[in-house]
Each structure stands twice: as C-alpha cells, then as structure tokens.
Amino acid sequence: MGCFGLTEIGHGSNVRGIETTAEYDPETEEFIINSPTDTSAKFWIGNLAKTAHNAVIFAQLVTHEENKGVHAFVFEVRDRSNHLPHPRIEIGDCGDKKGAHGIDNGWIKFKYYRVPRDSLLDKFGSVDKEGNYHSSIEKAGKRFANSIASLSGGRVLISRLSCEAGLIASATALRYGCARKQFGTGDGEEVALINYPSYQYRTITRFVDHFIDVIACNRMVDLWISNLPNLLKEKNRVTNLCHGLCSNTKAFVAWGVHDSLFDLRRA
C-alpha cells in the first residue's frame, strides 16, 4: 500500500513553496530527505497513518548547493517486517474526522533520512552519480507543472462529485416538500410544503443551479478524458485550459454546495 505526500502543514495550495528538502550526497549516491521545520511536516496524507508502507514524497531537490525545485521521490517509510516507521521517520495520525473514516489520514516528518539515488522519479529531471542535474525542460516552473499535471484529474472529480451531492440533496428536499404537510388554510386541510413560495424559492432554485452545474462538470470531465493522451505534449493549450477550468470550478461548486446544503436544511 502506498500514499502520496505533497501537502504540508505550511503549504497546501502553494505547493511550490514546500519546505521538505532532498539534498544529494555524491559520496554515497543518496538523497537526504529532511523536514527542517514543524510546518514542513507532510500532513493529511491518505493511507499514511495506519496503512502505507511506501510513499511518494515531494521535496525541494538540492544538489551542489543549488535548489532545482520540487521533485517527487518514492521509497519505503515503514518496515514490512514489523510495520513500524523506519529510523529517522516519524509518522502520526491526524485524528478524528467528520467523514471519510475509511481513509486513515496521517502526517510524516523526516530527520535526515537517506534514500537511494534511483528513488527520484526522473521523467522530467535527473541527477547523475556525480550530482549533476539534467532535464530536457529548461524552466523549473514548467518541470513542476508537468510533474503535477495529473492532479487536475482530482479537481475534476471533486467538482463532479460536489455538484452531484448538491443535486441529490436538492432533489431530496423537493420530494420531501411534496410529501410533508404543514399548517393549512383554516378548513382543517394541511398544505404540502412545496406549495409555499418560500419553500419553492429555497429548493427549486437550488435544484436548477446544481442541475446546470452537473451538465457543466460532465463537459469538463469529457474534456479532461479526451486530453489525457496529450496531457504532457508541448504547446498543448488544452491542458492549461483544463487546469484553469477545474481549479475555478472546484472552488465555485464546492462553496455553492456547502451553502446549498445549509440552506436546504433550513427550508
């Protein structure tokens, strides 16, 4: 079982600024993984607290005292014989959550933990035995963008699932309003909630919003899937378009659904 370690306590959105370092030692041909501050601890990592033996860890690659930017490394973090963290690695549980209890979110810190040179995932940048850095991509920003380009798929999925949750909630509120009766006209017959204009305003408008969101997100999913074969090709503007769309849509839809769920409960 593995886990994906990018987010840190001090850096969630601005992941180019993560503090974890991976300094290359040419004498031993190893990278030294270190968490120099408390805020550099990898945090909220799924499957880490109780389960994962291996991890993909993102860190600032340093060689010959020069920072080459954020790169990914894969290595073992727990001893398979006893399931304990390796020496110089500290792992903990992030604690109880309000939901998604099937995933054990955890945190991890490193104290000059050494990993082999081939632990570096070197599709976009490599380090030879002497510590010289090589990459076909000149700009560090472009290398970093390519290395995390596939993460946009997660944003696409979150957007789609969020608007679906809003659609289900608003549809449930509408059905409830048709069945639930409250008060009446004075002749003893109670009236269904759906007949009240205030209830209609709170539920029907929300349902329409989420219905439109689902249509938009479905188109975004189709665009993302169709672009996967060309995801890392040079001068592919669709990748940048997908990144912009899903980054904005994820925030817009998630905020909207959060407000909608609260409003529907009060309807």
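**Helix pair and sheet in a predicted model**

Biologist: Are α2 and α4 roughly parallel or roughly antiparallel to each other?

Modeller: This is a predicted model. The axes of helix α2 (residues 152-179) and helix α4 (residues 237-266) cross at roughly 25°. Angles under 35 degrees count as roughly parallel. The two helices are therefore roughly parallel.

Biologist: In which hand does α2 pass α4, left or right?

Modeller: The axes come within 8 Å. As α2 passes α4, the crossing is left-handed.

Biologist: How many nonpolar residues does the contact of α2 with α4 have?

Modeller: On the α2 side, the residues include Val156, Ile158 and Ala169. Across from them, α4 brings, among others, Val253, Val257 and Leu261. By class, the contact has eight polar and two charged residues, and the nonpolar count is 11.

Biologist: Which are the edge strands of the open sheet with the order β4-β8-β7?

Modeller: The sheet has three strands, with antiparallel pairing. An edge strand pairs on one side only. The edge strands are β4 (42-45) and β7 (89-93).

Biologist: By how many degrees are neighbouring strands of this sheet turned against each other on average?

Modeller: Strands of a sheet pair through backbone hydrogen bonds. Here the order is β4-β8-β7. With direction ignored, the average turn between neighbours is 20°.

Biologist: Which residue in β8 stands opposite Ile91?

Modeller: β7 and strand β8 (residues 106-110) run antiparallel. Five bridges join them. Opposite Ile91, in β8, stands Ile108.

Notes:
Residues are numbered from 1 along each chain as its sequence is written. This is a predicted model: local features need pLDDT of at least 70, side-chain atom pairs count only at pLDDT 80 or more; totals for chains, interfaces and linings use all residues. Side-chain values use heavy atoms; hydrogens and water are left out. Axes are lines fitted to C-alpha atoms, for helices over the stretch in contact, and angles run from 0 to 180 degrees between N-to-C directions. Helices (H or I, at least four residues) and strands (E, at least two) are DSSP runs, numbered from the N terminus. Angles under 35 degrees count as roughly parallel, over 145 as roughly antiparallel, 65 to 115 as roughly perpendicular and the rest as oblique. A crossing is left-handed if the near helix is turned anticlockwise from the far one by less than a right angle, and right-handed if clockwise. Contact means heavy atoms within 4.5 Å. Ala, Val, Leu, Ile, Met, Phe, Trp, Tyr, Cys and Pro count as nonpolar, Asp, Glu, Lys and Arg as charged, and the others, Gly among them, as polar. Two strands pair if DSSP finds at least two bridges between them.
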